[in-house]
Amino acid sequence: MTDSITIRTPDDWHLHLRDGAMLRAVAPETARHFARAIIMPNLVPPVVTGAHAAAYRDRILAALPEGSGFTPLMTLYLTEDTDPEDLARAHADGLITAVKLYPAGATTNSASGVTNFDKVRPVLEKMAEIGCPLCIHGEVVDSDIDIFDREAVFIERVLDPIRRATPGLRVVMEHITTMQGVEYASEGGPDLGATITTHHLVINRNHILAGGIKPHYYCLPVAKREEHRLALRRAATNGDPTFFLGTDSAPHTDANKLLPCGCAGCFTATNTLSILAEVFEQEGALDRLEGFTSLNGPNFYRLTPNDGTVTLTKGEPVIYPDHIDTGDGPVTVFDPLMPLHWRVAE
Ligand code: NCD
Ligand code: ZN
């Protein structure tokens with residue numbers, strides 16, 4: 001029986017760090033075990049220019065514990081006014097690693113996102129030319145489309161047409177939640193990658209809705225039926241390099257989660273690696289954990305994997321806090337509803 005596993009230090013290819021007091025509280029949670037992360041730009045107001053990205057990166061670096069080697073990989077929030085030249089300059093300077101597309105209204109702080117995809121055509125063409133990846137929140141926002149169908153419909157109506165119209169554009173399907181997402185990504189060739197969150201490997205929609213409403217399991221894209229969760233688990237653990245970890249750890253204070261109209265997001269930064277090791281062990285795929293957390297992502301982003309390593313050991317159930325305190329109030333840590341036996345050796 002395996003009771004210890006050493007992997008290259010992981011990266012998180014989709015992370016929300018927020019700003020101010022929240023940033024100072026959550027950044028150390030990720031920096032403890034991860035070397036790099038793609039930082040989501042959905043602040044209020046959003047990170048839309050190279051100058052915003054530089055200033056936000058400096059605030060993140062200032063929030064890290066002393067001696068932390070964590071590198072934030074910055075993104076720009078794509079709007080219908082994004083200047084292709086500013087974007088290209090920020091990319092050439094190494095200031096940004098990717099650009100994020102939110103359909104307007106799809107999720108938290110997405111009001112400045114894209115409504116008319118024709119308007120961003122010149123930017124997408126520039127990105128294809130310079131090799132800057134586009135990270136896509138893949139959900140349509142039409143009120144007549146059922147929320148559980150929004151990812152599958154997006155693939156057909158928006159994603160596939162964009163990719164066909166923009167050859168060479170490198171795309172990450174972010175936080176996929178459906179078997180349709182798995183299927184489309186796995187057939188998309190080397191210019192298409194997909195991230196999978198920790199929590200979507202663990203929960204299905206019953207966890208949110210059965211036996212009382214559970215706001216801490218509500219995130220976007222919303223968790224789907226069990227058959228979709230199983231498809232995600234197969235995709236994450238079968239060794240296909242298309243799929244890599246993007247936790248989408250998205251902290252909101254409990255006060256903002258537990259409202260008549262509560263915020264979407266699961267906060268998993270604190271216990272993500274323990275959960276993933278448990279999931280991969282359950283799938284008989286511990287030997288593929290490193291690919292998912294530490295190799296497939298750098299491979300897609302054309303970066304070298306981290307030099308360092310992280311060792312996980314198996315033992316008595318791990319004790320982790322049920323919430324972390326922030327200057328804005330407590331944030332509940334994702335409860336995977338199972339004992340976790342894998343701890344990161346400090
Ligand atoms: C994210 C957030 O809170 O910023 N929420 C979420 O449920 N994942 C936004 C997002 O990634 O959709
Ligand atoms: Zn997110």
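**View 1. Lys100 sits in strand S5.** Keep in mind that this is a predicted model. Is Lys100 buried or exposed? Its relative accessibility is 1%, and since anything under 20% counts as buried, Lys100 is buried. Look for Cys135 as well: in sequence it is 35 residues away from Lys100, yet the two C-alpha atoms are 4.7 Å apart in space.

**View 2. Lys100 pairs up with Glu174 in a salt bridge.** The closest N and O atoms of these two residues are 2.9 Å apart. What does this pair tie together? Lys100 belongs to strand S5 (residues 98–101), while Glu174 is in the loop between strand S7 (171–173) and helix H6 (179–186), so the salt bridge links parts that are 74 residues apart in sequence. Glu174 is buried, just like Lys100. Elsewhere, Glu85, Lys126 and Glu129 are joined into one network by salt bridges that share partners.

**View 3. Arg36 and Asp11 make another salt bridge.** Here the closest N and O atoms are 2.8 Å apart. Arg36 comes from strand S3 (residues 36–39) and Asp11 from strand S2, so this pair connects parts that are 25 residues apart in sequence. Both Arg36 and Asp11 are buried. How many salt bridges does the structure hold? The count is 15.

**View 4. Arg57 forms a salt bridge with Asp58.** The closest N and O atoms in this pair are 3.8 Å apart. Are these two residues tucked away? Arg57 has 27% relative accessibility, so it counts as partly exposed. Asp58 has 44% relative accessibility, and that makes it partly exposed too.

**View 5. His14, His16 and Asp248 hold the zinc ion (ligand 2).** These are the protein donors: the NE2 atoms of His14 and His16 and an OD atom of Asp248 lie 2.0 Å from the zinc ion. Along the chain, the donors follow the spacing H-x1-H-x231-D. His14 is in strand S2 (residues 11–15), whereas Asp248 is in the loop between strand S9 (243–245) and helix H9 (254–257), so this pair brings together parts that are 234 residues apart in sequence. His14 counts as buried because its relative accessibility is 1%. Asp248, at 5%, counts as buried too.

**View 6. The donor atoms around the zinc ion (ligand 2) are arranged irregularly.** Why is the arrangement called irregular? There are 4 donor atoms, and their angles run from 92 to 136°. To count as tetrahedral, four donors need all their angles between 85 and 135 degrees, so the upper end of this range rules that label out. For reference, the ideal angle for four tetrahedral donors is 109.5 degrees.

**View 7. Ligand 1 is surrounded by 15 residues.** The closest are Asn42, Thr107, Leu220, Asp248 and His252. You've already met Asp248 as one of the zinc donors; here, one of its polar side-chain atoms lies 2.7 Å from a nitrogen atom of ligand 1. Arg18 reaches in with its side chain, where an N or O atom is 2.8 Å from an oxygen atom of ligand 1. Ala264 uses its backbone instead: a polar atom there is 3.1 Å from a nitrogen atom of the ligand. How much of ligand 1 does the protein bury? On its own, ligand 1 exposes 310 Å², and the protein buries 100% of that.

Conventions: Residues numbered from 1 in each chain as written. Chains lettered and ligands numbered in written order. Predicted model: local features only at pLDDT ≥ 70, side-chain atom pairs only at ≥ 80, totals over all residues. Heavy atoms only, no water. Donors = N, O, S within 2.8 Å, 3.2 Å for Na, K, Ca; no water. Tetrahedral: all angles 85-135°; square planar, octahedral: opposite > 155°, others 65-115°. Helix = DSSP H or I, 4+ residues; strand = E, 2+ residues; numbered from the N terminus. Buried < 20%, exposed > 50% of the residue type's maximum accessible area, 1.4 Å probe, protein only. Near = heavy atom within 4 Å. Polar contact = N/O pair within 3.5 Å; in protein donor to acceptor, adjacent residues only side chain to side chain. Areas by Shrake-Rupley, 256 points an atom, 1.4 Å probe, with all protein chains shown as cover. Salt bridge = Lys/Arg side-chain N within 4 Å of Asp/Glu carboxyl O.
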